[in-house]
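Student: Could you take me through the interior of this protein slowly, looking closely at how its nonpolar side chains are gathered, and also tell me about its cysteines?

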Amino acid sequence: MSRKRILEICKGLLTFLIFYFSSYLQIIPITLFNIDINNYTESELALVNTFVDIILVLVLVILYFKDLKQEFKTFMKNRKLNMDTAFKYWFIGLIIMCVSNIAISFITSLNTSSNEQAVQGLVSATPYLMLFTAGILAPIAEELTFRKGVSMIFKNKWVYATASGLIFGLLHVIGSGNILEYLYVIPYGSLGFFFALTYYDTKSIYPSIIMHAIHNSALILLSIFV
């Protein structure tokens, strides 16, 4: 294995460590604003999460700054084709996500995942802050981690896309007290899988970030206005 390959794998693993340990940054706003961690309000939780996501995005952008500059040029050279590819893959992922969600609701007593319930609670408390956090910050952080970071470790297209989708899906359900909720790895993972294919085919992280942001923002706007 070449030195370059080893460095790529280390960088990918470092990305995951940054993402995982970023939650510990919560201690900063909690301490500064004297927030009682035993009696969080949803508004306070949303503010703390926004603070963490801003720092996380900044760190990841710095880590991949050189790549991001090059991939922006790649995106702009063929932006129509890149976005057509991104839309195609997102639409396929969305169909699988919807069908699998319906199937889960039929075969279990679950109506939605705990992750989705938590997000809806935050949207109700701070709708426009969540539009910024979940609609913009989260897609950037998650695409850089689960698409860019995973691509540093796995080079085969299908192994990479499968690993990216599986890890992304598990992220949204891990820690749930109900084992049945792990079925939601399928709908969440399907989007992750096709976002990974988007990145692999376009050679730019921007199309998947854009489609991820549109997807999240549309869901939040539906929650706010419908």
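Tutor: A residue is called buried under 20% relative accessible area, exposed over 50%, and partly exposed in between, using a 1.4 Å probe and counting protein chains only. By that scale Cys98 is partly exposed, with a relative accessible area of 40%, and Cys10 is likewise partly exposed, at 44%. The structure holds zero disulfides, a disulfide being a pair of cysteine sulfur atoms within 2.5 Å.

This is a predicted model, in which local features need pLDDT of at least 70 and side-chain atom pairs count only at pLDDT 80 or more, while totals for chains, interfaces and linings use all residues. Residues are numbered from 1 along each chain as its sequence is written, and side-chain values use heavy atoms, leaving out hydrogens and water.

Turning to the interior, the largest nonpolar core (buried Ala, Val, Leu, Ile, Met, Phe, Trp, Tyr and Cys residues joined through side-chain atoms within 4.5 Å) has 25 residues, and Leu56, Leu60, Leu197 and Ile205 touch the most other members. At least two residues of this core come from each of helix H1 (3–21), helix H3 (42–63), helix H7 (127–151), helix H8 (157–171) and helix H9 (185–202), where helices are DSSP runs of H or I with at least four residues, numbered from the N terminus.

If we look at Leu197 and set aside its neighbours within four places in sequence, Leu197 is in contact (heavy atoms within 4.5 Å) with Tyr89, Lys157, Trp158 and Ala161. Apart from this core there is a second, separate one of twelve residues, among them Met97, Ile104, Leu110 and Leu191.
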